[in-house]
Amino acid sequence: MTNKFPRDFIFGAATAAYQAEGATNVDGKGKTYWDDYLKEKGYYDPSVSSDFYHKYPKDLELCKEFGINGIRISIAWTRIFPEGNGEVNKKGIEFYHKLIDKCIEEGVEPFVTLHHFDTPYPLYEKGDWLAQETINNFVEFAKVCFEEYGNKVNKWITINEPWSVVAGQYIIGHFPPNIKYDLPKAIQAMHNMMVAHSKVVNLYKSMKLSGEIGIVHILESKYPITDSKENKKASLYEDTLANRFMLDATFKGEYDKKTMDIVLEILEKHNGKLEINDLDMKEIKEASKKIDFLGINYYASHFLKAYDGESNIFHNGTGEKGTSIFALKGIGERVTNPEIPTTDWE
């Protein structure tokens, strides 16, 4: 007997606009927070990348040839609104019509993400996801996308990996603005992103479109390195911060008391607070009943032990095995499990 995948199984591929398109200065595209940062750091030149902006017809033909029948793409906010708001860029609108049409022509279903690490630079300067203005403009951007492409695209993703965004921006410090150990900013930004996600879900459903909408979270399991009470607490606290907090908002429509007690304890140890208002929680509650799916990106499990010191992180971005450090004040420290092999990037 031969086992076969179901007829409707999706063999997928994935890209993100900023990571694949290139053409950063083409057809009226605006700046994201990465443009100047990457140039200043000398990491790499994103202006060409893999040139998906020009090569997508051939790339999608190759998808079909290889039996790929689904692709996750993202719409660059700065191609539609170069400044994050204001006047719509017609050339950006046209590009994504052509891209989506080519996906459909080749039998490669587009799964479209609205935000994949690419806030427009003017909104980033005003606070990015810490600012109400970003939330409001993100909803307007989504509305234009739904109006333009809603009759073609049947799978929408609001935000890709909110935890990766805030960890990069405010905890690890390897995303602009390169702030480290600021858990209050990270927690507030996560909540605000869940508000933005919820408003977009509610908008989509109000437009009576026939497709589905969800969110993609990075969900990495947290285990105590031993069964001691202290190590179990460390794994629970990191799991609550990185996973449970936003999953509560996604599916429960509220923050579970146990979740919030832990979050508030973490905030207290970092001299911070969380601002939440009733109208935002109403949006979150409504969206939790309407969301169609959850996408999960999984990279690694983490093993935790108790930790009483100050926050200390070193991000292994070069593949020098054994250099990673990840210890957060009031939470715990990630440690290596000798029974679990890892890559050079841990």
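In these exercises a residue is called buried when its relative accessible area is under 20%, exposed when it is over 50%, and partly exposed in between, using a 1.4 Å probe and protein chains only. The model is a predicted one, in which local features need pLDDT of at least 70 and side-chain atom pairs count only at pLDDT 80 or more, while totals for chains, interfaces and linings use all residues. Residues are numbered from 1 along each chain as its sequence is written, and side-chain values use heavy atoms, with hydrogens and water left out.

**Exercise 1. Determine how strand 2 is paired and whether it is buried or exposed.**

Step one is to locate the elements: helices (H or I, at least four residues) and strands (E, at least two) are DSSP runs, numbered from the N terminus. Strand 2 covers residues 70–74.

Step two is to find its partners, where two strands pair if DSSP finds at least two bridges between them. Strand 1 (residues 12–14) runs parallel to strand 2 and is joined to it by 3 bridges, with Gly12 opposite Gly70. Strand 3 (residues 109–115) is also paired with strand 2 in the parallel sense, over 5 bridges, and here Thr113 is the bridge partner of Ser74.

Step three is to inspect the two faces. Gly70, Arg72 and Ser74 are buried on one side, and Ile71 and Ile73 are buried on the other. Because 5 of the 5 residues of strand 2 are buried, the strand is largely enclosed by the rest of the structure.

**Exercise 2. Classify the ring pairs Tyr33 with Trp34 and Tyr56 with Phe95.**

Step one is the rule: rings of Phe, Tyr and Trp (its six-membered ring) pair if their centres lie within 6.5 Å, and planes under 30 degrees apart count as stacked, over 60 as edge-to-face and the rest as tilted. The structure holds 22 aromatic pairs by this rule.

Step two applies it to Tyr33 and Trp34, whose ring centres are 5.3 Å apart and whose planes meet at 45°, so this pair is tilted. Both Tyr33 and Trp34 are buried.

Step three turns to Tyr56 and Phe95, where the centres are 5.6 Å apart and the planes stand at 85°, so the pair is edge-to-face. This pair links distant parts of the chain, since Tyr56 belongs to helix 3 (residues 52–65) and Phe95 to helix 5 (residues 90–105), 39 residues apart. Tyr56 and Phe95 are both buried.

Step four looks for charges over these rings, which requires NZ of Lys or CZ of Arg within 6 Å of the ring centre and within 35 degrees of the ring normal. The charged end of Arg79 sits over the ring of Phe95, 5.8 Å from its centre.

**Exercise 3. Describe the settings of the salt bridges Lys222 with Glu238, Glu286 with Lys290 and Glu310 with Lys329.**

Step one is the criterion, a side-chain nitrogen of Lys or Arg within 4 Å of a carboxyl oxygen of Asp or Glu; the count by this rule comes to 24 salt bridges.

Step two takes Lys222 and Glu238, which meet at 2.9 Å, N to O. Lys222 lies in strand 6 (residues 222–224) and Glu238 in helix 10 (residues 229–252), so their salt bridge ties together parts that are 16 residues apart in sequence. Lys222 counts as buried at 10% relative accessibility, and Glu238 is buried at 1%.

Step three takes Glu286 and Lys290, which meet at 2.6 Å, N to O. Glu286, at 32% relative accessibility, counts as partly exposed, and Lys290, at 29%, likewise counts as partly exposed.

Step four takes Glu310 and Lys329, which meet at 3.8 Å, N to O. Glu310 lies in the loop between strand 8 (302–305) and strand 9 (312–314), and Lys329 in the loop between strand 10 (325–328) and strand 11 (332–335), so this pair ties together parts that are 19 residues apart in sequence. Glu310 counts as exposed at 54%, whereas Lys329 is partly exposed at 26%.

**Exercise 4. Work out which strands stand at the edges of the open sheet of 5 strands.**

Step one is to write the strand order, which is 6-8-11-10-9, with mixed pairing. Step two reads off the edges: strand 6 and strand 9 each have a single partner strand, so one side of each is left without a neighbour in the sheet. Step three checks one pairing inside this order, where strand 8 and strand 11 run antiparallel and are joined by 3 bridges, with Phe303 opposite Val335.
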